[in-house]
Amino acid sequence: MAFGWMDEQAELRRRAGLVRTLRPRPADSPLLDLASNDYLGLTHHPEIAEGAAEAARTWGGGSTGSRLVTGTTELHTELERELAGFCGFEAALVFSSGYAANLAAVTALAPHGSLIVSDAGNHASLIDGCRLARGTTQVVGHADPEAVRKALQTHEDSAATAVVVSDTVFSVDGDAAPLAELAAACRERGAGLLVDDAHGLGVLGEGGRGAAHAAGLAGADDVVVTATLSKSLGSQGGVVLGPARVIEHLVNAARTFIFDTGLAPAAAGAALAALRLLRREPERAARARAVAAELHARLTAAGHEAVRPDAAVVSVRAPSPEGAVQWAADCRTAGLAVGCFRPPSVPDGISRLRLTARADLSEAQIERAVRVIGETRP
Ligand code: PMP
């Protein structure tokens, strides 16, 4: 029977405690939300909703085509100009998702014969980019510039077509990549550096300008940054930031740009409104980091094993995949939504609760979250 093999896989998943289900979220959920990626608390902000609505009224519900045909509006170019300016890069290109931006950046920067050096903890979208790219991928140990250096040395012939790929903030544990050391290793060999700042934009750097800006790498001619518009900016979509030469190359070579319908106007309008709001209220970035530090301090004081956060993701170790699922479910029953990461999302096999330190959380909410996590611990 067609697809019959899926039943066996479903049974294996069930036995391993790895079944995933969709749970619709009501618009007015009473839960305290520490599960979303809405780091700056902007997704429900009236200015962001109005940015989306105004863009949809002006430009319609969709962008009508590929960016190269009819899908580029003045709104797209405005958003790209402002994103590049804010983050300190020469140029920017927006995509329909951060996933598509990562596929574009990795494949377009790693032609046939090139070497991609990829951190073992990278996000699935970077990993898939490596799989699709014509270059050869070498996976190196997590956050290990020395391993990167060694890998680059194996690519004797054409180091100029080597690219090092890393998340800036790793999505599972919330730890940061050693960007300055990675850039130094790249520069020794004339390699490019491509970093995914999905969890850094809006949180790290001056006023949320991102991890590359914080590391003094913004605008460098050998650095390319990708990011999503769906976390701190409270919208949807992705962006690649870098030298104009790289952006022009992507327009001509990146398949997820050329063959994908352009970012929806509502998403572009919401992201633009969020960016302008962040410029006006830069303290939101520092507040998200402070909430993360406080959550971590309180959790460790209560005896939990939590990774010290470098941005706004706080990761708490769970005893097992089943234990993690039960813990998250019990939190939910007690009114708290938390993320639950287990294999295969965590390749090291260690399951975790994942908490988002939103800039708009109050002291009372932080206290309540820590109390519930303690009371429901398996
Ligand atoms: N990179 C990282 C590190 C992410 O966490 C995510 C989102 N989960 C993405 C890329 C993909 O972004 P998007 O959701 O906009 O496709």
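A residue counts as buried here when its relative accessible area is under 20%, as exposed when that area is over 50%, and as partly exposed in between. Keep that at hand for the exercises below, and remember that this is a predicted model.

**Exercise 1. Helix 4 from end to end**

Work out which residues of helix 4 are buried, what caps its N-terminal end, and how its span compares with the expected one.

*Solution.*
Step 1: apply the 20% cut-off along the helix. Gly-98, Ala-100, Ala-101, Asn-102, Leu-103, Ala-104, Ala-105, Val-106 and Ala-108 are the buried ones.
Step 2: put that in proportion. With nine of its twelve residues buried, helix 4 is mostly covered.
Step 3: look at the N-terminal end. The cap is Ser-97, with a side-chain oxygen 3.3 Å from the backbone nitrogen of Tyr-99.
Step 4: check the span. Twelve residues at 1.5 Å each should give 16 Å, and the end C-alpha atoms are indeed 16 Å apart, so the two agree.

**Exercise 2. Around the ligand**

Find which residues come nearest to the ligand, and which polar side-chain atoms lie by its nitrogen and oxygen atoms.

*Solution.*
Step 1: list the shell. There are 15 residues around the ligand, and Gly-98, Tyr-99, Asp-196, His-199 and Thr-228 come nearest.
Step 2: take the nitrogen side. Asp-196 has a polar side-chain atom 2.5 Å from a nitrogen atom of the ligand.
Step 3: turn to oxygen. His-199 places a polar side-chain atom 2.7 Å from a ligand oxygen atom, and for Thr-228 the distance from such an atom to a ligand oxygen is 2.6 Å.
Step 4: see how much gets covered. On its own the ligand exposes 400 Å², and the protein buries 81% of that.
Step 5: sort the shell. By class it holds ten polar, three charged and two nonpolar residues. Helix 4 (residues 98-109) supplies the largest share, three residues.

**Exercise 3. A glutamate in helix 3**

Is Glu-80 buried or exposed, and what does its side chain pair with?

*Solution.*
Step 1: locate Glu-80. You'll find it in helix 3 (residues 74-87).
Step 2: compare its area with the cut-off. The relative accessible area of Glu-80 is 8%, so the residue is buried.
Step 3: follow the side chain. One of its polar atoms lies 2.8 Å from the backbone nitrogen of Val-94.
Step 4: fill in the surroundings. Leaving out residues up to four places away in sequence, Glu-80 touches Arg-67, Ala-92, Leu-93 and Val-94.

**Exercise 4. Positive phi angles**

For Thr-64 and Ala-143, say what phi is and where each residue sits. Then find what Gly-303 does just after helix 12.

*Solution.*
Step 1: start with Thr-64. Its phi is near 75°, positive although the residue isn't glycine. Thr-64 sits in the loop between helix 2 (46-59) and helix 3, and counts as exposed because its relative accessibility is 63%.
Step 2: go on to Ala-143. Here phi is near 50°, again a positive value in a residue other than glycine. The loop in question runs between strand 4 (136-140) and helix 6 (145-153). At 29% relative accessible area, Ala-143 is partly exposed.
Step 3: finish with Gly-303, which takes a positive phi of about 90°.

**Exercise 5. The cover of helix 12**

Which residues of helix 12 are buried, and what covers them?

*Solution.*
Step 1: get the dimensions. Helix 12 (residues 283-301) has 19 residues and reaches 27 Å between its first and last C-alpha, close to the 27 Å expected.
Step 2: pick out the buried residues. They are Arg-284, Ala-285, Ala-288, Val-291, Ala-292, Glu-294, Leu-295, His-296 and Leu-299.
Step 3: think about the spacing. An α-helix has 3.6 residues a turn, so residues three or four places apart point the same way.
Step 4: name the cover. It includes strand 1 (32-34), helix 11 (265-280), strand 9 (313-317), strand 11 (352-356) and helix 14 (363-375).

**Exercise 6. Ser-114 and Thr-137**

Say whether Ser-114 is buried or exposed, and which residues Thr-137 contacts.

*Solution.*
Step 1: Ser-114 lies in the loop between helix 4 and strand 3 (115-119). Its relative accessible area is 1%, so Ser-114 is buried.
Step 2: beyond four places in sequence, Ser-114 touches Gly-135, Thr-136, His-155 and Thr-161.
Step 3: Thr-137 belongs to strand 4 and is partly exposed, at 31% relative accessibility.
Step 4: setting aside neighbours within four places, Thr-137 contacts Ile-116, Ser-118 and Cys-130.

Technical notes. Residues numbered from 1 in each chain as written. Predicted model: local features only at pLDDT ≥ 70, side-chain atom pairs only at ≥ 80, totals over all residues. Heavy atoms only, no water. Helix = DSSP H or I, 4+ residues; strand = E, 2+ residues; numbered from the N terminus. Expected span 1.5 Å × (residues − 1). Buried < 20%, exposed > 50% of the residue type's maximum accessible area, 1.4 Å probe, protein only. Contact = heavy atoms within 4.5 Å. Near = heavy atom within 4 Å. Polar contact = N/O pair within 3.5 Å; in protein donor to acceptor, adjacent residues only side chain to side chain. Areas by Shrake-Rupley, 256 points an atom, 1.4 Å probe, with all protein chains shown as cover. Nonpolar A, V, L, I, M, F, W, Y, C, P; charged D, E, K, R; others polar.
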